[in-house]
Amino acid sequence: MSSSFSQSVVSWYDLHGRKNLPWQGGNPYHVWLSEIMLQQTQVVKVLDYFQRFIKSIPNLKELAAADEQQVMALWSGLGYYNRARNLHRTAQICVEQHQGELPADLTALMALPGIGRSTAAAILSLAYEQAEPIMDGNVKRVFARHFLVAGEPNKSATLKRFWQLAEQHRETARPAAYTQGLMDLGATLCTKHKPQCDRCPVSNSCQALASDVVAAYPQKKKPVRAREVELHCLLFERGGQLALLQRTSKGIWASMWFLPTFDSQQALSEVTTSARKIFTLTHRLTHRLLQIHVYLANDWEVDEPVDWVSRQQLVKWPHPKALNHILEQHDNH
DNA sequence: AAATCGGGGCT
DNA sequence: AGCCCAGATTT
């Protein structure tokens, strides 16, 4: 039984929702890939990456068989690189355990790496028309206002309340239209700034609007101080080619190619005697403020596998944006 | 329950 | 300079 809230959202979606996003159409592979790319990443940013990805790797079985480096390269610049590794692993698990398909089951989906409850529900509702509720930033904002949910959105108590409300307002008749409509509502009308309540299909039952406190919901999360980290990087070129090392599978820039990096200048001095600092640049990540000290050297005692890469080849070596920034800075010197 | 994982676009 | 974004995972 669907609620009147959900039915109003569906009716609004039919008139005003987004229907031309490239991952719409119910293809489970497309839905899944887009959901992973869209985790903490804006739609406009994802559009190009999505098109490039499905053009290069058009289905789940080809993804399972693809080279991890190719997958990582297609992800270069999107951030949160563990998403790409998990995507690849999940494709392989689906081939081994689920007949090459994404399972149409909440528990089975959530058991796959990189798929939590919300992404699993998005796949189930958008691709398989199952009435599973999602819970992303848009939905949290709509719910916080409409149902007057206080507390910081990502606190466990607040999250629990959001999910409870979501379960109470499932849409059984048209799950895909409801899921998409709820997100579209948050993205186009129930926006953070200047929400257009006069056009909202559920404004008559919105508790925040009734109390004229829409702007105060959802509650702001307290800002977290980014910790400062110093990195000492070696810019080592030989015959027009740059030395790159692959980073570990954990931590910042997981599995990406980057300059040889050391925790201290002393550690750097143990592999080269000629290192000379040429500049320092700051690079901001969400929870880190990186001070990247860049050095040039004539000698280098290498004890790890190095790839020598020309500037033209660099696009094929999955690397974070920070590497581009360093090279631009170097060119300007 | 809190910390950890990027990067960009907006104000 | 914050703030936020179609969150998941680890500690």
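**Group meeting: one protein chain, two DNA strands**

Let's start right at the DNA: a sugar or linking oxygen of DNA strand C sits 2.3 Å from an N or O atom in the side chain of Asp 136. Keep in mind that this is a predicted model, and every distance I quote is computed from it.

So, staying with strand C. Its surroundings come to 27 residues, with Glu 35, Gly 114, Thr 119, Asp 136 and Arg 141 as the closest. Which part of the strand does the protein touch, backbone or bases? If you take the atoms of DNA strand C within 4 Å of the protein, 68% are sugar or phosphate, and the rest belong to bases. Two phosphate contacts fit in here. Ile 115 uses a backbone N or O atom, 3.4 Å from a phosphate oxygen of DNA strand C. Lys 192 uses its side chain: an N or O atom there is 3.4 Å from a phosphate oxygen of that strand.

Where on the fold does this surface come from? Three helices each supply at least two residues near DNA strand C: α8 (117-128), α9 (137-146) and α11 (175-189). The largest share is from α9, with three residues. By class, the surface near DNA strand C splits into ten nonpolar, ten polar and seven charged residues.

Now over to DNA strand B. Here we have 21 residues around the strand, and the ones that come nearest are Gln 40, Tyr 80, Ser 156, Thr 286 and Lys 321. Sugar and phosphate make up 55% of the strand B atoms that come within 4 Å of the protein. Tyr 80 is the one to zoom in on if you like base contacts: a polar atom of its side chain is 2.4 Å from a base oxygen of DNA strand B. Two arginines go to phosphate instead. Arg 227 has a polar side-chain atom 3.2 Å from a phosphate oxygen of DNA strand B, and Arg 288 places a side-chain N or O atom 3.2 Å from a phosphate oxygen of DNA strand B. In terms of classes, the surface near DNA strand B has six nonpolar, ten polar and five charged residues.

Next, the layout of the protein. Chain A divides into domain 1, residues 4-216, and domain 2, residues 227-331. Their centres, taken over C-alpha atoms, are 35 Å apart. Ten residues of domain 1 and 15 residues of domain 2 take part in the contact.

What is buried between domain 1 and domain 2? About 890 Å², and carbon and sulfur atoms give 50% of that area. How many salt bridges are there between domain 1 and domain 2? The count is zero. There are, though, three residue pairs in polar contact across the interface of domain 1 and domain 2, with both partners at pLDDT 80 or more. On the side of domain 1 that touches domain 2, the elements giving two or more residues are α5 (68-75) and α6 (82-97). Of the elements there, α5 gives the most, four residues. That side of domain 1 divides into four nonpolar, four polar and two charged residues.

Back to salt bridges for a moment. Side chains of opposite charge can pair when their charged atoms come close. A search of the whole structure turns up five salt bridges. One I'd like to show you is Asp 14 with Arg 174, whose side chains meet at 2.6 Å, N to O. This pair links distant parts of the chain: Asp 14 is in helix α1 (residues 4-16), while Arg 174 is in the loop between α10 (156-168) and α11, 160 residues away.

Last bit, for those of you who check backbone geometry before setting anything up. Where does Pro 218 sit? It's in the loop between α12 (207-210) and β1 (227-235). The peptide bond leading into it from Tyr 217 is cis, with omega near -5 degrees. And then there's Leu 148, in the loop between α9 and α10. Its phi is near 50 degrees, a positive value in a residue other than glycine.

That's my tour; let's pull up the model and take questions.

Technical notes:
Residues are numbered from 1 along each chain as its sequence is written. Chains are lettered from A and ligands numbered from 1 in the order in which they are written. This is a predicted model: local features need pLDDT of at least 70, side-chain atom pairs count only at pLDDT 80 or more; totals for chains, interfaces and linings use all residues. Side-chain values use heavy atoms; hydrogens and water are left out. A residue is near a molecule or strand if one of its heavy atoms lies within 4 Å of it. A polar contact is a pair of N or O atoms within 3.5 Å; within protein, one must be able to donate a hydrogen and the other to accept it, and residues adjacent in sequence count only if both atoms are side-chain atoms. Ala, Val, Leu, Ile, Met, Phe, Trp, Tyr, Cys and Pro count as nonpolar, Asp, Glu, Lys and Arg as charged, and the others, Gly among them, as polar. Domain bounds come from an automatic or database domain assignment. Contact means heavy atoms within 4.5 Å. Buried area is the accessible area (1.4 Å probe) that two parts lose on being put together, summed over both. A salt bridge is a side-chain nitrogen of Lys or Arg within 4 Å of a carboxyl oxygen of Asp or Glu.
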